[in-house]
Protein chains: 2
Amino acid sequence: MRPVSDSQTLADAGEFGVIARLVERLPTTDSVLVGPGDDAAQVRIGGGGVLVATDVLVDGRHFRRDWATAYDVGRRAAAQSLSDLNAMGGGTAAIVVGMTAPADLAVEWALECSSGLADECDLVGAAVVGGDLTRSDVLTLSVTAVGSVEGEPVRRGGASPGDVVALRGRQGWAAAGLAVLQRGFRSPRVVVEAYRRPEVPYGAGAEARAAGATAMIDVSDGLLADAGHLAESGGVALDLRRDAFEVDEPLHAVGAALGVDPLSFVLGGGDDHSLLACFPSGDAVPQGWRVVGEVAEGSGVTVDGEEYEGETGWRHF
Amino acid sequence: MRPVSDSQTLADAGEFGVIARLVERLPTTDSVLVGPGDDAAQVRIGGGGVLVATDVLVDGRHFRRDWATAYDVGRRAAAQSLSDLNAMGGGTAAIVVGMTAPADLAVEWALECSSGLADECDLVGAAVVGGDLTRSDVLTLSVTAVGSVEGEPVRRGGASPGDVVALRGRQGWAAAGLAVLQRGFRSPRVVVEAYRRPEVPYGAGAEARAAGATAMIDVSDGLLADAGHLAESGGVALDLRRDAFEVDEPLHAVGAALGVDPLSFVLGGGDDHSLLACFPSGDAVPQGWRVVGEVAEGSGVTVDGEEYEGETGWRHF
């Protein structure tokens, strides 16, 4: 990563560069069990370890009101933070929500969004316990999830050479849906729906933790980008196998229609909130997970031993 | 409060009306000890009760970058959420921060803001454990505080007729500072500084709880407005005594210069994050608190037995 100077703008430095600089100067305390840089932090509060994670969704950047209903935006906003705690091997007890909204927003939009937030929380037994609503020219939703994990959380940096890499949950569908919407289409409906409302594999994080997962992340920046976070945090290399990925039928259809390799949705997509985890051996991988690669000494991420040349990463409008 | 219809806009319905509608439809769970509607929520996580509160600050609405440094905005953003837990009688262990920022924001601004957040947290021994940074046309800061309280938190609704009302912390200074800035002045410097960086009476909430406070709120909407929240939540009336308030010298100076009653800063101001609490008797009121009124049967808030005719409430630009 290039060094970030104080006089650069956010656009020049990039979010990741600025975040790295921000984290440098944050003091810690004895209560901090897991600090910044993982899917969620863990703080000792009243004897127990509490997981906490926050995410902000911005209108026109993470969602578009003409592409998704208020209800779906609420579902997705909650899913993003619930997924962060899932990726630590934990669960969410409650969320709080900060909404900024233009003065001309219909009350109905806020109410339906709230229903979406509540319904997504209901999937994991969490409650919406508070929030803040304030006017702003830009509609944003910030969702903070608090919860817990039994025993130690699964960090990003724990993979060792010889571990296998496994994936759980639908992957690439949301990216295909976004590609379709960006070209002005509304079908195939299944991928558009997948983009609007991810189906997060809740509970699978705790399952992986119990099975001895050594490292885990939720796929939100894009599969290869997030594999890169696992590699960098762990000081290891990840090699993924192209033919280990299932490229589901709807992705083939979208790829054919748009003239792109459907595998690029799988490797580059980041809106499904699937889980990518490492396990000490193939035998340790729980049912429902698909082994897609392995961990080796070195650094970086390769596909079949080579750098992937296709599109990757987080490609929001 | 007038009923809010779905087809109204946020501007027509007002934030409080919309929030009331939002809260109506939020399901709860067994883990929720204190739900929406207080300064903070309390959720049972891993055996203990965890306090959580979130607040969003919007550029041009809650702060102006030409009126306060990035560092001060960071201090104030953290103070607002830390104060919420203070008002429950608890303390904060950690905060997470969501920042949305324009692409042309200087990295330096984000770094200095982050220093302000960290330094304010340091006052209460809290850490900044995570966050999210994303681009948006409007600069916003959402801060979520998590922490705990020894024993039961002090709620808004616990006051009984016969209780005394007491105030702790500087009150009205920030409102006077804002009034000065709004007229294009920069002095008296003490009130401008008070607006830029509140001096929150951290620890006083826990002190009040230990002393048997029956109800408490942090003054953030305006003293009379927040007294109104105590009255409404408790199903009681609050009567405040005009001559019980100390109108500090700088407020007299600003009042004289701007031709307004300086008491209006005290009664209307909401940016100092002072604490307003009720106690079973005057004897129970801890040192450092000033008795400013009493609780009676009935509803609403009066000053010397009458409705206050001056300016009140939250009057941001």
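**Note on the two-chain predicted model**

1. All the interface residues of chain A, 100%, are also interface residues in chain B, so the copies meet through the same surface; contact here means heavy atoms within 4.5 Å. This is a predicted model, in which local features need pLDDT of at least 70 and side-chain atom pairs count only at pLDDT 80 or more, while totals for chains, interfaces and linings use all residues. Residues are numbered from 1 along each chain as its sequence is written, chains are lettered from A and ligands numbered from 1 in the order in which they are written, and side-chain values use heavy atoms, with hydrogens and water left out.

2. Chain A is superposed on chain B by a rotation of 180° with 0.0 Å of shift along its axis (RMSD 0.0 Å), by least squares on the C-alpha atoms of residues with pLDDT of at least 70 in both. That is the relation of a two-fold axis. Within chain A, the residue closest to the rotation axis is Val138(A), at 3.2 Å (C-alpha).

3. In chain A, helix 5 (residues 173-182) packs on helix 6 (residues 189-196) at about 105°, with axes 7 Å apart. Helices are DSSP runs (H or I) of at least four residues, numbered from the N terminus. The two are therefore roughly perpendicular (65 to 115 degrees). Contributors to the contact include Trp173(A) of helix 5 and Tyr195(A) of helix 6.

4. In helix 8 of chain B, the buried residues (under 20% relative accessible area, 1.4 Å probe, protein chains only) include Leu223(B), Asp226(B) and His229(B). Gly235(B), with a positive phi near 65°, follows helix 8 of chain B.

Technical notes. Axes are lines fitted to C-alpha atoms, for helices over the stretch in contact, and angles run from 0 to 180 degrees between N-to-C directions. Angles under 35 degrees count as roughly parallel, over 145 as roughly antiparallel, 65 to 115 as roughly perpendicular and the rest as oblique. Buried means under 20% relative accessible area, exposed over 50%, partly exposed in between (1.4 Å probe, protein chains only).
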